[in-house]
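Here is a friendly walk through a protein structure. Have the sequence and the 3D view ready, and follow along as each part comes up.

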Amino acid sequence: MTEIINLQPEKERVIIGGLSHKTANFDYTMNELKELARADNMEVVDRVVQNLDKMEAATYFGKGKVVEIAELAAGLDVKVLVINDELSPSQIANLEKQTKMRIIDRTELILEIFADRAKTREAKTQVEIAKLQYELPRVHPSANSLDQQHGGGGLANRGSGETQMELDKRVIRKRISELKQNLLTLEKSAETQRERRQQSGLPKVALVGYTNAGKSTTMNQLLAAFDQLDADKKQVFEKDMLFATLDTSVRTIQLPNKQKFLLSDTVGFVSHLPHNLVASFKSTLAEAADADLLIHVVDYSDPHYREMMETTTQTLQEIGITNLPTIIAFNKADLRADTNYPEVVGNDLIYSAKDPASIEKLAELIKKRIFADYQSVELLIPFADARVLADLEAHTNVFEKDYTEAGTRVKVVLDPVRHNKYQKFVLKEKV
Ligand SMILES: Nc1nc2c(ncn2[C@@H]2O[C@H](COP(=O)(O)OP(=O)(O)OP(=O)(O)O)[C@@H](O)[C@H]2O)c(=O)[nH]1
Ligand SMILES: [Mg+2]
């Protein structure tokens with residue numbers, strides 16, 4: 001692939017910082033913060049850590065540490081400090097004043113990355129809502145642009161800060177409600193599409209997991225292996241970067257025995273995803289919520305893969321996705337020297353999305369799980385029962401069809417309910 005060079009803006013040099021006592025898995029979250037900063041085109045030149053039981057109400061770090069950071073930053077000529085937690089508006093204001101640096105907290109950083117990556121109208125709207133909700137309590141009389149634009153200073157403007165701030169907040173609230181309205185309309189058409197798919201009667205499988213685990217790659221390889229018709233056209237975007245995917249894509253996969261299922265690729269997770277953002281993306285993740293089977297893709301080559309799994313489970317819980325049948329798919333086994341793959345372990349799989357034998361194995365596991373109760377049968381449907389044929393053609397997998405004098409003879413894969421219902425038409429079981 002060709003890369004256009006020199007178009008990237010210069011990297012912002014930043015220091016990252018956090019409180020080590022406050023956060024579980026502190027090292028992991030700091031490494032993750034570094035990756036997030038890099039994803040936002042920053043270069044991390046140093047990190048500062050303080051071991052505090054709880055964050056300092058006014059300045060997050062303790063007083064001494066703040067002085068130390070200001071000196072360090074001056075020495076390194078760094079103007080931005082990225083904090084591992086979400087800060088209150090006043091903590092940000094105080095820290096900015098005392099360090100003379102721009103402060104970015106974890107939430108703002110994640111929101112910036114999402115805003116940068118959002119491509120479709122739905123994703124853009126979702127991110128903008130989350131951003132405005134984050135900004136709303138942070139509108140500050142002295143630190144807002146509207147105030148500076150309108151207030152010329154001097155007597156006329158004295159005492160109007162409060163009013164101006166209220167005005168700004170009202171504008172933001174109005175914008176949020178407009179965007180929510182737009183989103184509703186967008187979601188409705190997504191909902192209609194989903195309903196249509198629901199009626200197709202095909203089983204639904206969703207890829208979920210931590211960002212960069214290889215969900216999109218897995219989807220593309222399944223498409224390439226099984227849906228030869230127009231695989232290239234339907235490939236989804238995959239890339240070695242955080243949050244490459246923000247929108248859910250759904251594709252139909254057809255296995256060699258003509259059984260079909262729907263596969264969806266979803267947004268990846270990271271720890272402490274901002275609450276507003278998760279809420280905003282809830283509808284995008286609805287595909288996962290009504291799946292018959294989840295494939296939880298894990299980057300098995302990452303030393304922190306266990307924490308990443310935990311993060312994924314927690315985020316799914318937060319949006320109400322619990323207790324769905326799941327295959328844990330331990331990906332990127334090719335990057336581990338000590339691991340054989342593909343290897344099935346109980347319900348789960350160790351594999352590499354880039355290895356055809358692995359993809360074959362994954363498809364086999366999916367098939368076993370979702371089609372366990374399905375059976376291929378041969379039916380003879382008298383012409384008088386045209387409605388039965390119409391139902392089969394619309395909702396099941398008819399893979400052979402002949403017209404005979406007695407009626408239409410079909411070979412079809414039936415779910416248990418239809419199998420029972422159409423028992424009287426069965427010519428032969430297990431074809
Ligand atoms: N070596 C190796 N690299 C892989 C494998 N699977 C995926 N990758 C790479 O991992 C990177 C991320 O893959 P994606 O498929 O975009 O990951 P994702 O889970 O969709 O990520 P988000 O959309 O950001 O949540 C890409 O550079 C892939 O080429 C694998 O089995 N082995
Ligand atoms: Mg992806």
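## A pair of facing residues

Let us begin with one residue and its partner: Val344 stands opposite Leu349, which belongs to strand β11. Before going further, please keep in mind that this is a predicted model.

The two strands involved here are β10 and β11 (residues 348-350), which pair in the antiparallel sense over 3 bridges. In general, the strands of a sheet pair through backbone hydrogen bonds, and the pairing can be parallel or antiparallel.

## The seven-stranded sheet

Where do β10 and β11 belong in the order of their sheet? They come at the end of an open sheet of 7 strands, written β6-β7-β5-β8-β9-β11-β10, in which the pairing is mixed. The edges are formed by β6 and β10, and each of these pairs on one side only. From neighbour to neighbour, the strands of this sheet are turned by 25° on average, direction ignored.

Two helices lie across this sheet. Helix α9 lies across β5 (204-209), β6, β7 (260-265), β8 (293-299) and β9, and it runs at about 35° to β6. Helix α13 lies across β5, β8 and β9, running at about 145° to β8.

## The magnesium site

Helix α9 also has a part in holding a metal. Which residues coordinate the magnesium ion (ligand 2)? They are Ser216, through its atom OG, and Thr245, through OG1, at 2.0 to 2.2 Å. Ser216 sits in helix α9 (residues 215-226), while Thr245 is in the loop between α10 (231-234) and β6 (249-254), so the pair ties together parts that are 29 residues apart in sequence.

Are these two residues buried or exposed? Both Ser216 and Thr245 are buried.

## The four-stranded sheet

There is also an open sheet of 4 strands, and its pairing is parallel. Going across, you meet β2, β1, β3 and β4 in that order. Strands β2 (42-50) and β4 (102-105) stand at the edges with a single partner strand each, so one side of each has no neighbour in the sheet. The twist from one strand to the next averages 25°.

To see the pairing up close, look at strand β3 (residues 80-83), which pairs with β4 in the parallel sense over 4 bridges. Here Val82 has Ile104, in β4, as its bridge partner. Helix α1 (residues 26-39) packs on the sheet and touches β1 (12-19), β2 and β3. The direction of α1 makes about 155° with that of β2.

## Unusual backbone spots

Most residues other than glycine have a negative phi, and most peptide bonds are trans. Where do we find exceptions? One is Asn41, which has a positive phi of about 60° although it is not a glycine. Asn41 lies in the loop between α1 and β2, and with a relative accessibility of 16% it counts as buried.

Asn323 also has a positive phi, near 55°. Asn323 is found in the loop between α13 (305-318) and β9, and it is exposed, with a relative accessible area of 78%. For the peptide bond, look from Tyr341 to Pro342: this bond is cis, with omega near -10°. Pro342 lies in the loop between β9 (326-331) and β10 (343-345).

## Salt bridges

How many salt bridges does a search of the whole structure find? The search finds 21. One of them joins the side chains of Lys79 and Asp77 at 3.0 Å, N to O, and Asp77 is partly exposed with a relative accessible area of 47%. Another joins Arg117 and Asp116 at 3.5 Å, N to O. Arg117 is buried, at a relative accessible area of 12%, whereas Asp116 is exposed, at 54%.

Helix α8 (residues 161-199) offers a further example: Lys174 and Glu178 both lie in this helix, 4 residues apart, or about one turn. Their closest N and O atoms are 3.8 Å apart in the salt bridge they form. Lys174 is exposed, with a relative accessible area of 54%, and Glu178 is partly exposed, with 34%. Lys174 and Glu178 are also part of a network of salt bridges that links them with Glu128 and Arg175.

Methods. Residues are numbered from 1 along each chain as its sequence is written. Chains are lettered from A and ligands numbered from 1 in the order in which they are written. This is a predicted model: local features need pLDDT of at least 70, side-chain atom pairs count only at pLDDT 80 or more; totals for chains, interfaces and linings use all residues. Side-chain values use heavy atoms; hydrogens and water are left out. Donors are N, O and S atoms within 2.8 Å of the metal (3.2 Å for Na, K and Ca); water is not among the atoms, so sites may look incomplete. Buried means under 20% relative accessible area, exposed over 50%, partly exposed in between (1.4 Å probe, protein chains only). Two strands pair if DSSP finds at least two bridges between them. Axes are lines fitted to C-alpha atoms, for helices over the stretch in contact, and angles run from 0 to 180 degrees between N-to-C directions. Contact means heavy atoms within 4.5 Å. A salt bridge is a side-chain nitrogen of Lys or Arg within 4 Å of a carboxyl oxygen of Asp or Glu.
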